[in-house]
Amino acid sequence: MKPLPALELVTRLEDAEWLDPLAKSVRKAVKKVIKPQWARDVLHGVPIGHPVHPLAVQVPIGAWLSAGVLDAVPGAEKAARLLIGVGTTSVLPPALAGFTDWSQLHPQQQRVGLVHAAANITATGLYLASLVQRARGSQGSGKVLAYLGLATVSAGGFLGGHLSYRQAAGVNHSEEIPHRFPSGWHRLAPLVELPEGGLHKREVAGIPLLVHRQGNTVNVLSNVCSHLSGPLNEGKIKDKGGEACVVCPWHRSTFSLRTGEVKAGPATSRQPVFQTRVTGEVVEVCLPGADG
């Protein structure tokens, strides 16, 4: 089946470099407004293990869609007005979460995300105008504005789907590792060949691994950052709460070298952690749950 023409238009947005100056200004404003790391982590969704934005948008979109159904039912104007009010007053949390995530994306993703945000802001404005008209007693124009708002937020949703499913924003970029890595134990390297301290890249079964050695203790994680596939071996080691962590060089996601746990976003998914053992002076690795 031939793709919709709208898909080609959206794909062109990815290369719309003329959006970059605006994106830079908005990104700077977001970082200025949302400064504390704990607040950014909450908005990214670190505590729940996946982005907050797709979950939070269900409230305003659900309320607005329900209002659209009620606007088509005679005598349901009061209920529709109430739902539109619920939708417009609940947009702030998903907007904050969305902009926080957006500020840590690649340029191509930010271009699409900027238009996605513009569509949602426009839809909110249309719904506010609808409420004003309804308060004035103009139910007809209020309904027209609400349906225009619904069409606009739907277009924004299409862009959001493109951002998530075509551009892979917000997904776990390490999810495939257990399905590609073979089960069982595999040779990594002789212990003496692994440098003491630092972050080092090794490859086993075609999978890039991050290796950190302290004496006879060898910590091994997937080298591909779960946020946007950044090369962790090019990052830095940071002590966080008495625990050695690796900081991704791309967007500063921070993971425990021992457990792979997310210590700071924007990543929300932990890094795959490989078990290690020394057999005859050779370090071997195993990934629990691997079925490659």
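This report describes the overall make-up, the two largest pockets and some helix and strand details of a predicted model.

The protein has 292 residues, of which 47% count as buried, and its secondary structure comprises 10 helices and 10 strands. Taken along the principal axes, the C-alpha atoms fill a box of roughly 85 × 45 × 35 Å. Among contacts between residues at least 6 apart in sequence, 58% join residues at least 24 apart.

**The pockets**

The largest pocket holds about 1000 Å³ of space. Its lining is made up of 41 residues, and those closest to the centre of the pocket are His-53, Pro-54, Val-57, Gly-98 and His-116. Because domain 1 (5–167) and domain 2 (176–286) both give residues to this lining, the largest pocket lies between them. Several helices take part, since at least two lining residues come from each of α4 (53–56), α5 (58–71), α7 (92–102), α8 (107–135) and α9 (139–166); the greatest contribution is that of α9, with seven residues.

The second largest pocket has a volume of about 260 Å³. Gln-37, Arg-40, His-251, Arg-252 and Gly-265 lie nearest its centre, out of 17 residues that line it. Helix α3 (37–44) and strand β5 (236–240) are the elements that give two or more residues to this lining, and α3 gives the most, with three residues. The second largest pocket also lies between domain 1 (5–167) and domain 2 (176–286), because both of them give residues to its lining.

The table sets out the two linings by residue class.

| Pocket | Volume | Nonpolar | Polar | Charged |
|---|---|---|---|---|
| Largest pocket | about 1000 Å³ | 21 residues | 19 residues | one residue |
| Second largest pocket | about 260 Å³ | five residues | six residues | six residues |

**Helices beside the largest pocket**

Pro-54, which is among the residues closest to the centre of the largest pocket, has its place in helix α4. Since buried means under 20% relative accessible area and exposed means over 50%, Pro-54 counts as partly exposed because its relative accessibility is 43%. Although Pro-54 and Ser-164 are 110 residues apart in sequence, their C-alpha atoms are 9.6 Å apart in space.

Gly-98, another of the residues closest to the centre of that pocket, is buried in α7, as are Pro-94, Ala-97, Thr-100, Asp-101 and Trp-102. The elements that cover the buried residues of α7 include α2 (20–33), α3, α4, α5 and α8. Among these covering helices, α4, α5 and α8 each supply at least two residues to the lining of the largest pocket, whereas α3 is the element that gives the most to the lining of the second largest pocket.

**Strand pairing around β9**

Strand β9 (residues 273–279) pairs with two strands described here. With strand β4 (residues 217–222), β9 runs antiparallel and is joined by two bridges, and in this pairing Val-220 stands opposite Phe-274 of β9. With strand β10 (residues 282–286), β9 pairs in the antiparallel sense over five bridges, with Val-278 standing opposite Val-283 in β10. The strands β9 and β10 form a hairpin in which two residues lie between them, and in the turn Gly-280 has a positive phi of about 60°.

Key:
Residues numbered from 1 in each chain as written. Predicted model: local features only at pLDDT ≥ 70, side-chain atom pairs only at ≥ 80, totals over all residues. Heavy atoms only, no water. 1 Å grid on protein atoms, 1.4 Å probe; cavity = no way out; pocket = protein on both sides within 12 Å on 5 of 7 lines; lining within 4 Å. Points joined across faces, edges and corners; volume = space filled by probe spheres on them. Helix = DSSP H or I, 4+ residues; strand = E, 2+ residues; numbered from the N terminus. Nonpolar A, V, L, I, M, F, W, Y, C, P; charged D, E, K, R; others polar. Domains from an automatic or database assignment. Buried < 20%, exposed > 50% of the residue type's maximum accessible area, 1.4 Å probe, protein only. Contact = heavy atoms within 4.5 Å. Pairing = 2+ DSSP bridges.
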